Amino acid sequence: MCGIVGYVGRGEALPFLLEGLRRLEYRGYDSAGVAVYHDGEMRLTKTAGRLEALERKLVEHPSAGTVGIGHTRWATHGRPTEENAHPHTDCRGTLAAVHNGIIENFAELRRRLSAAGHVFRSETDTEVLCHLVEEAYAGDLAAAVRRAARELVGSYAAAFLSLAEPHRLVAIRQDSPLVVGLGEGENYLASDIPAILARTRRAVILEDRQVAVVRADGVEVTDLEGRVLGLQVFQVPWDLAQAEKGGLPTFMLKEIREQPRVLRETLRGRIEGERVVLGELEPLLAGVRKLHLVACGTAYHAGLVGKQLIEGLARLPVEVDYSSEFRYRNPILEPGTLCVAVSQSGETADTLAALREARRQGLPTLAVTNVVGSTLDREAARVLHTRAGPEIAVASTKAYTTQLAVMTLLALHLAQARGTLPAAQAAELVRSMVDLPSWADRVLDGEEAAAQVGRVLAAHRDVFFIGRGLDHALAMEGQLKLKEISYIHAEAYAAGELKHGPLALIEEGVPVVALATQPDLAEKLASNVQEVRARGGRIYAVAREGDERLANLADQTMLLPAAPAPLMPILGAIPLQLVAYHAALQRGCDVDKPRNLAKSVTVE
Ligand code: AGP
């Protein structure tokens, strides 16, 4: 999983390539490189390490030129070394390529090309692209790329720059995202929209098996047979400020604080008086007897909350699978089952594969995604967008709470359609959703209490999260957030399970974050908290205002407004994000770019 950029125009290529790569670093950041064409030569500059290292190298050896490609890498094949950094070249060094994705048959292709005399210089799968295109070239780069593509198995978004045709870039995509930005006298290529936003808001989103020829004065898109296709120009609804930090030290903090606004956005137009209106879903839901949710990581945790809400409010059975497990466990998919794929990026390879498997088995599909134009968005039969805006920090925050908002809307919509709740109760819940943004604002006012807990946890090696019902799903998200950005070992348990084993781990001073946002379960949770305290554990509680039961037992309490129980996971997520954030800051971690992780996992 990597980020790629390209530039062709009248200006210098390098400033765009570097600014674009900077905005794509969330896709990977273990090595970087650029290739720039100037005056009959192609200059390649690459380094292991982060983009700063590349920038330093370019200061020492500047690369002038008006055509170029660039890459920020997250290693899949081959270690993150300079040799394996992109761009890669063909045998003669006259063709350079950058690539995001995985060429699954690269070993076989490499063997064949090596036997034919091609010389490989890296351990990457990407390099086969260069040699394949070199082999296929007969005077037309786009035709050579199309020909080479016939041999490829796997996923790729790739851009090529050739000395033989230096005033154009050729790009292709299959199962990895790629956009062409349209400027005035210059055009751009990028893996994702934030990379082009400083230059243009007009873009063409390439579809699978399409090839783009990008010149300074125009763009042409063809299919794999070379037939010219009409350009579908997309006006990007985000501006650059929305994709940047807004004056805060990190994207994560900015994104945490945006939650009231993006929750409002996500609800906009979906509540009319006392009813949830999800016009997007008609008539998809008619005849649905079961839902099967597929997702990864944080999105999976949103699915766990969704399951409890849909089962509890709409009385429809719901299964939730990790996308990466779904395909391989041969799930029983009965007629009447709706597959719901949840993904912030809409590009997570496992989730796309799960969606395709569900489609293959004839299931209707619904995507819940944040990225308009993403692969998931385009492949699912229906889509509910989460409207969180670009999420740049690797740790998902606002995308998660907007996913929960969509899950709640879906549960209430189904409940109202099926008449499974007393009308007055349903209406009351729907009306209360309108207050979510202002409740979220109040939770953010309590940041200092969460920051204090975070700073305390920063000194520990292990942290436990416990909760019951919806709070168990929330505990799962709390532990993931803490572990991914602060590198503290964290585990979540259904509070009632503690006594069946994990309690053995509790000793003097071990921190336990106890979630008590569900009034019906608070009493039971208090008993579990007592069990922890009796063994010397320290309790950091998240509880509703006015519910003193847990506060009296806790070493410290983070209070939430007393909203209706189904809405509490949305509010409860915020202090957990802040706890993780401040623990990570205290430990000096790179909050936005945690080690070993990338924002969008486009490999299986
Ligand atoms: C969340 O903080 C993660 N970094 C990660 O678990 C993420 O939620 C997962 O990779 C799924 O991504 P998606 O929502 O873009 O599909």
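This report describes charged residues and nonpolar cores in the predicted model shown above.

Residues are numbered from 1 along each chain as its sequence is written, and side-chain values use heavy atoms, with hydrogens and water left out. Because the model is predicted, local features need pLDDT of at least 70 and side-chain atom pairs count only at pLDDT 80 or more, whereas totals for chains, interfaces and linings use all residues.

**Salt bridges**

A salt bridge is taken here as a side-chain nitrogen of Lys or Arg within 4 Å of a carboxyl oxygen of Asp or Glu, and by this rule the count comes to 43 salt bridges. The table lists examples.

| Acidic residue | Basic residue | Closest N and O atoms |
|---|---|---|
| Asp-90 | Arg-92 | 4.0 Å |
| Asp-208 | Arg-173 | 2.9 Å |
| Glu-258 | Arg-261 | 3.6 Å |

The pair of Asp-208 and Arg-173 links distant parts of the chain, 35 residues apart, with Asp-208 in the loop between strand 11 (202–205) and strand 12 (210–215) and Arg-173 in strand 8 (residues 168–174); strands are DSSP runs of E, at least two residues, and helices are runs of H or I, at least four residues, numbered from the N terminus. Both of these residues, Asp-208 and Arg-173, are buried, where buried means under 20% relative accessible area, exposed over 50%, and partly exposed in between (1.4 Å probe, protein chains only). Asp-90 counts as buried at 1% relative accessibility, while its partner Arg-92 is exposed at 62%. Glu-258 is buried, with a relative accessible area of 10%, and Arg-261 counts as partly exposed at 39%.

**A buried acid without a salt bridge**

Asp-125, in the loop between helix 3 (106–115) and helix 4 (127–136), is buried yet has no salt bridge, and the nearest side chain of opposite charge, Arg-73, is 6.1 Å away. The side chain of Asp-125 does reach the backbone nitrogen of Ile-103 at 2.9 Å. Leaving aside neighbours within four places in sequence, the contacts of Asp-125 (heavy atoms within 4.5 Å) include His-77, His-99 and Phe-106.

**Nonpolar cores**

A nonpolar core is a set of buried Ala, Val, Leu, Ile, Met, Phe, Trp, Tyr and Cys residues joined through side-chain atoms within 4.5 Å. Of the 123 residues in the largest such core, Leu-17, Leu-291, Ile-310, Leu-410, Phe-465 and Leu-482 touch the most other members. Helix 20 (residues 568–586) gives the most to this core, with twelve residues. Apart from it lies another core, of 28 residues, among them Phe-106, Cys-130, Leu-132 and Ile-172.

Notes:
Lys and Arg count as positive and Asp and Glu as negative; His and the chain ends are not counted. A polar contact is a pair of N or O atoms within 3.5 Å; within protein, one must be able to donate a hydrogen and the other to accept it, and residues adjacent in sequence count only if both atoms are side-chain atoms.
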